[in-house]
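Biologist: Before we discuss this structure, I would like each label that we attach to be set against the rule behind it. Shall we look at it together and reason step by step?

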Amino acid sequence: MSNANPAIGPLRHEGHGRSTRRRIQVWRESLISVLLRLCAFTGVAGLLLIMIFVFREALPVLMNPEIQKEASLRHFTSTLMWQPVGAVPKYGLAPLLGGTLKVVLVAMAFAVPLGVAAAVFTSEFASPRLRENLKPAVEILAGIPSVVLGFFALMVMASWIQMVTGATVRLNALNAGIALGLGVLPTIFTVSEDALRAVPKPFREASLGLGASPWQTAWSVTLPAAGAGVSAGILLGLARAVGETMIVLMASGNAAIVSGSVFDSVRTLSASIAAELAEVVFGSAHYSVLFFLGVILFVTTFAINVVAGMFVGRLRRRLAGA
Amino acid sequence: MTTQAWESGLPALPRGRKTDVAGPALSGLTGFAAFLIVAMVVVIMGNIAWFGWRTVTWEFLSAAPREGMTAGGIFPAIFGTVALVLLMVVALIPFGVGAAIYLYEYARQDAWFTRAVRFSVNNLAGVPSIVFGLFGLGFFIQFVGRGIDRGLGLDVVWGQPSLLWAALTLALLNLPVVIVTAEEALRTVPREQREAALALGATHWQTIRRVLLPQAMPGILTGAILAVSRGAGEVAPIMFTGAAYFLPYLPTSPLDQFMELGYHVFVLSTQSPDIEGTKPLLYGTVLVLLLLTFLLNLTAILLRSRMRARLAGR
């Protein structure tokens, strides 16, 4: 480290034994730093391996002529039916893509206003004591495993929603969407609240000092200043909603139909993988198609997360510059 | 400043006061949103506690499922969950903490490698859990497992779903949690102590080993507990990599399949032929799973707040 200092140099070479010990120590130090570097590399390796191996199993859909007779990009768009098990399997992606979109839209319509409003309340209006009680409540929600939310939506909430709306199908997109919204609410709330709290106090004081009311300050000063962070929270929630599996698998009814109504049952990309992968033959066309759905999920969520990361970076720079 | 500028600025004040009727109402609306979230949490927890607590007896916790899972207990699922998360933690902690030490102590923050690691860890945290399941099947079971079998000339021993592969899949899923919390923990150690150790002639690693790690231990423990709590609740990554629908025996080696609480909840609530008969067992299982994750989360939150208090007290 500091081998540039000539005054210290000679001290190290007093005796032979000491210099050997020193050499061993230097060697050990560099070995340890290499090992730690390898540990850090597992993060990179993990992400790369996920990409490589999920893509690899999906590749026959694009490359293997034998598999392509049954399932290829053409098959994905030529039919509106998803019927992978049957004499003539049909791999139309429309119901899955449409279903995912529908459930995710319901979830976001439920979770975004609720999560952002609660974050504004917690950071701007709540007394410190109330805030200390609100945050653990959201942490409890975040700690509920998604399979438990799925269970609750399936066993309890579906009946309540059916009672209120009079829907004919008990497990429908509305039920799954609200349950999914509950699942992503903590993400949206926590990231938004952190961003709002990171807005420097002088911003608020200046606005209040100019005569703006607390609400005007929150709406036209704090919220815009934290805008990038709130957007990041919403995007992170969106990515989670697209990829979340157990909630939609249990609460949506899983019927692969093309429909615009939230009162119809719905099947998502993630739920199709979860429901079908256990029964499929290894290496079959169906197996590759399910991995292809995984690729779609991976690429979509990855892209959303990268954009969210850019928003977080922008917020940090902006607040640092302020 | 001229008098004109003052005058043109003045009228805004009274106008702002007069029209601000919607303000308090809208502020109240945000309060209602916060209240609604709390209410939903209370309803969910209350419902599960109310219908679940009668089922959770000693017999329920210690017995195996009977009569097509409509009677008996959930001991194999508890055992499987504990085995799974322990194996996961053993695989996860050295790598996670090692990576955090590297990032905090060794890495040049602007180097491309450091940025690649941070980028990967951030995005790893956003990969859907079902994709981890696909990855576990495609990489650990089909590639690594089958590879070992072929190399050793074995029949299918490694290349099938098992406790080991499920634990490794979960370990990768939780790697970001551990790295982030461990790095935060390292940051709480006062810089002076580090410098004092180095000034006394300790090497870099000796400083880390004797000064940094002992002090960062509560934070590292927090990360481990959070990972365990998340690991105990995740179902999608283990569905294809090791969890079993029902097993008449307990797993005795890492290469066995296992039952797991979260997966058991899924199985009982979707695959049961007699949903009314299964209901008490189902609620009981959910309650046990919730209590388990909450006790873990609570411990982690307490440890973390103690650590943050120390950081703030500096």
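**Labels and the rules behind them**

Modeller: Of the 322 residues in chain A, 49% are buried; please keep in mind throughout that this is a predicted model.

Biologist: What makes A:Asp264 count as buried?

Modeller: The rule asks for 20 or more other C-beta atoms within 10 Å, and A:Asp264 has 20 C-beta neighbours inside that radius, so A:Asp264 counts as buried.

Biologist: Where in chain A does A:Asp264 lie, and which residues is A:Asp264 in contact with, leaving aside its neighbours within four places in sequence?

Modeller: A:Asp264 lies in the loop between α12 (246-251) and α13 (269-276) of chain A. With those sequence neighbours left aside, and with contact taken as C-beta atoms within 7 Å, A:Asp264 is in contact with A:Val169, A:Asn172, A:Ala173, A:Ile257 and A:Ser259. As for A:His286, which is 22 residues from A:Asp264 in sequence, the two C-alpha atoms are 26 Å apart in space.

Biologist: Why is chain A, with its 14 helices and two strands, called more spread out than a compact globule?

Modeller: The globule rule gives 20 Å for 322 residues, and the radius of gyration of chain A is 27 Å, well over that value, so chain A is described as more spread out than a compact globule. Along the principal axes, the C-alpha trace of chain A spans about 85 × 70 × 30 Å.

Biologist: And how do you know which description suits chain B, compact globule or more spread out?

Modeller: Chain B has 12 helices and two strands, and its radius of gyration is 26 Å, well over the 20 Å that the globule rule gives for 314 residues, so chain B too is more spread out than a compact globule. Its C-alpha atoms fill a box of roughly 90 × 60 × 35 Å along the principal axes, and 46% of its 314 residues count as buried.

Biologist: What share of the contacts between residues at least 6 apart in sequence joins residues at least 24 apart, in chain A and in chain B?

Modeller: In chain A the share is 74%, and in chain B the share is 76%.

Biologist: What makes the span of helix α6 of chain A close to the expected one?

Modeller: Helix α6 (residues 128-143) of chain A has 16 residues and reaches 23 Å from its first C-alpha to its last, which can be set against the 22 Å expected at 1.5 Å a residue. The buried residues of this helix are A:Leu134, A:Val138, A:Ile140, A:Leu141 and A:Gly143.

Biologist: How do the two domains of chain A stand to each other, and how many residues of each are in contact?

Modeller: The assignment divides chain A into domain 1 (9-58) and domain 2 (76-321), whose C-alpha centres lie 40 Å apart. Four residues of domain 1 are in contact with six residues of domain 2, and the side of domain 1 that touches domain 2 has three nonpolar, no polar and one charged residues.

Biologist: How many residues of chain A and chain B are in contact, and which element of chain A gives the largest share of its side?

Modeller: By the contact rule, 70 residues of chain A are in contact with 68 residues of chain B. Helix α1 (residues 16-58) of chain A provides the largest share of chain A's side, with 20 residues, and by class that side has 48 nonpolar, 17 polar and five charged residues.

Key. Residues are numbered from 1 along each chain as its sequence is written. Chains are lettered from A and ligands numbered from 1 in the order in which they are written. This is a predicted model: local features need pLDDT of at least 70, side-chain atom pairs count only at pLDDT 80 or more; totals for chains, interfaces and linings use all residues. Helices (H or I, at least four residues) and strands (E, at least two) are DSSP runs, numbered from the N terminus. Ala, Val, Leu, Ile, Met, Phe, Trp, Tyr, Cys and Pro count as nonpolar, Asp, Glu, Lys and Arg as charged, and the others, Gly among them, as polar. The radius of gyration is taken over C-alpha atoms; the globule rule is 2.2 Å times the number of residues to the power 0.38. A residue is buried if 20 or more other C-beta atoms lie within 10 Å of its own, exposed if 12 or fewer, and partly exposed in between; C-beta atoms are placed from the backbone. The expected span of a helix is 1.5 Å times one less than its number of residues. Domain bounds come from an automatic or database domain assignment.
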